[in-house]
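Biologist: I would like to learn how to read rings, strands and surface in a model. Where do we begin?

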Amino acid sequence: MYEFGVVFILGTPLPYVDATAATAFGSKQQRLMVSAAGMAVELFLASLALIAWLNVQGGVLKDVLFNIVLIGSVSTLFFNGNPLMRFDGYYLLCDFIDQPNLATRAQNQFRYVVKRFGYGVHGLYSPATSRKEALGLTFYSVAAFFYRLFILATIVYIVALSFPKLALALACWIVFFQFAFPCFKYFLYLFADKELHKTRRRAIFSVVAFFFVLGMFVSYVPIPQSTSVQGVLWLPQDAMVRAETSGLIVEVLVENGDWVEVGQPLFRLSNPELSTELQSKKAAYKEYRVRQQQAWNQDLSQSQLFEEDLKTIALEIRHLKLQVQNLVVKSKSKGHFKLTRSHKMPGYYMRQGDILGVIANEATPKVRVALTQEAVGLVRSSTEKIKVRLASRPEKSLYGEVVSEVPGGTYDLPSAILGTGGGGSIVIDKGDEQMKKTTERIFLLEIALPAEKKFGYYGERAYVKFYHPAKPVAKRLYLRGRQLLISTLQN
C-alpha cells in the first residue's frame, strides 16, 4: 500500500510520498533516480513558474507564481535537497556513499568519541569501520546539529518579521525542547548514570572545561560582522531630464551621446490645448480689463471686484506661459546626453514628470540604499568601510562613503528593483501598482563612489556591504535578542 500526504514546513503545505519501496532496486542508479525525482519535479515546476512570473502583470496570479518559485527553489535547497536533514537529499547521499542509516550511525559515532576520549569510558565500540569513516560520521553529526540550529533560528527570524509575539512563543518552545529538556536529561546521565561510575570526575571536569572554553570564546573572541543590503545607482535631480509640461514630442534636438551645456534645448513638445487655453485667458483678461475701466466711473466696489479677478487671471496667464515655455525641454546640467527609451521619441506623449533622458558627467556617482529599522542603527553607529559592487560589473569592488541621509523614515522605495516585486529584499505592499510602497518604515542613505568615465547605468542594482567592528558572539546575540524583544512589546 502506497503512503502519501502533506507535511507542513514553516506553515507551508508540501506534498510527500513514501518511496521506501525503491530500496528493493538492485541498481544504485535506479535508487538515486527515485530519490532525486521529487527534487527534479520541484525545480521543473519552479522554472515554469519563473518564466510565467516574468511575463504576467501584477495580481493574485503573479503572487501565486512567486510562491511556487520560492517553494520550489528555496525549500529544495535548504530542506528537501539538503543531506543534513532527513528528506530526499539525505536518502540520496545514503545511497550514493552506500551508508544506510547515516544519521543514526553518525550520532552513535559522536557519542562514542565524547565518551571514549572526553569521559575516559572503556569497553565501547565505534560504529565506524575505519578512521576515515569515523571522521566522516563525526563531521556529519556536528554539521547536522548546527544546521538544525541554523534552520530553527531562521524560522524564528522569519516569523518575527510579521508576527513578533508568535516568534517569541516559538523561540521559548525551541529553547525548552531543543536546549533545556535535553540538558536536563544530559545532567541526569552525567551525575547518576552507572556507565560513568569509574570516570565521573573526569567526565564532569571535561564538561565544565568545555563550557568554560565555549563561554570565553563567545564572550571575548571578536567575530567579524557586516550588513549586506541592495541599492540603486542614483543620479542627482538636475541630471534627470524630465518633462515639466505634458505634451507630444515633436522633435529631438540632440543626438544620443552628444555633449550638452546648461540651458541647451533638448526636446520640443506640442500641447495645442495648452496654447488654446493661454489665448483664452489672454482674451478674458482683456475683457475684464475693459469691464473694470467701465465700472471705475459707475460703481467703485464693482471695479474693485474686477481688479481681484484680473489679478487671478494674470497669475493663471503667468503659469500657462511658463508651461508653454517648458514645452521646450532644456538641460539643467552639462554632460553627455543619454536617452532612456530605445524606440523613436517623436510622436510619443509624455506626462508631466516623466523622465526623457539623463545627463551623465564625471561628477561623483552615488548609490542610494534602503535600510530597515533593524539595520540602520548599526550602520549609523559603527561602520568602518563600505564596499559596493554594481550588477553590470560584479567582479569589481568599489569603496564608498555615506555622504547624506534622507531625513526621517519613509515607506517609498527609490526604485522598484529594491522591493520583493523587483527581485530585492524589502517587502512591498501588494496593493501598490508601482511596487514601491513598503510594509515597514525604511531609511535611505546615499553613498558616494569614486568617479569613473565608464561607470554604470542609471537605475541599475548595486550590492552594498557595510563592515562593522568585530564583536563577540554573546554581545551580538544579546543586542539582537533585546531588539527582537523591544519590537515584540511595541507590537
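**Charges, rings and sheets**

Modeller: Start with a charge over a ring: the charged end of Lys62 sits over the ring of Trp53, 4.4 Å from its centre. The term requires NZ of Lys or CZ of Arg within 6 Å of the ring centre and within 35 degrees of the ring normal. Lys385 has its charged end over the ring of Tyr467, 4.9 Å from the centre.

Biologist: What should I know about the model itself?

Modeller: This is a predicted model: local features need pLDDT of at least 70, side-chain atom pairs count only at pLDDT 80 or more, and totals for chains, interfaces and linings use all residues. Residues are numbered from 1 along each chain as its sequence is written, and side-chain values use heavy atoms, with hydrogens and water left out.

Biologist: How many aromatic pairs does a search of the whole structure find?

Modeller: The general idea comes first. A pair of aromatic rings is described by the distance of the centres and the angle of the planes. Rings of Phe, Tyr and Trp (its six-membered ring) pair if their centres lie within 6.5 Å; planes under 30 degrees apart are stacked, over 60 edge-to-face, the rest tilted. Here the search finds 13 aromatic pairs. Take Phe176 and Phe177: their ring centres are 4.9 Å apart and their planes stand at 90°, so this pair is edge-to-face. By contrast, Tyr186 and Tyr189 make a tilted pair, 6.4 Å centre to centre with 40° between the planes.

Biologist: Where do Tyr186 and Tyr189 lie?

Modeller: Both are in helix 6 (residues 164-192), three residues apart, about one turn of the helix. Helices (H or I, at least four residues) and strands (E, at least two) are DSSP runs, numbered from the N terminus. Trp173, Phe176, Phe177 and Phe181 form one aromatic cluster.

Biologist: Is Tyr189 buried or exposed?

Modeller: Buried means under 20% relative accessible area, exposed over 50%, partly exposed in between (1.4 Å probe, protein chains only). Tyr189 has 18%, so Tyr189 is buried. Tyr186, at 28%, is partly exposed. Phe176 is partly exposed at 42%, and Phe177 is partly exposed at 41%. Of the 491 residues of the protein, 31% count as buried.

Biologist: Now the strands. What is the order of the open sheet that includes strand 11?

Modeller: Strands of a sheet pair through backbone hydrogen bonds, either parallel or antiparallel. Two strands count as paired if DSSP finds at least two bridges between them. This open sheet has four strands in the order 4-11-9-6, with antiparallel pairing. Strand 4 (240-242) and strand 6 (259-260) are at the edges with a single partner strand each, so one side of each has no neighbour in the sheet.

Biologist: Which residues stand opposite each other in this sheet?

Modeller: Walk along the order. Strand 4 joins strand 11 (residues 355-360) by three bridges, with Met240 opposite Val358. Four bridges link strand 9 and strand 11, where Phe337 stands opposite Ile359. Strand 6 and strand 9 (residues 335-339) share two bridges, and Val260 faces Gly335.

Biologist: Which strands are the edge strands in the sheet ordered 8-7-5-10?

Modeller: That open sheet of four strands is also antiparallel. Its edge strands are strand 8 (328-330) and strand 10 (349-350), each pairing on one side only. Strand 7 (residues 265-270) pairs with strand 8 over three antiparallel bridges, and Arg268 has Val328 as its bridge partner.
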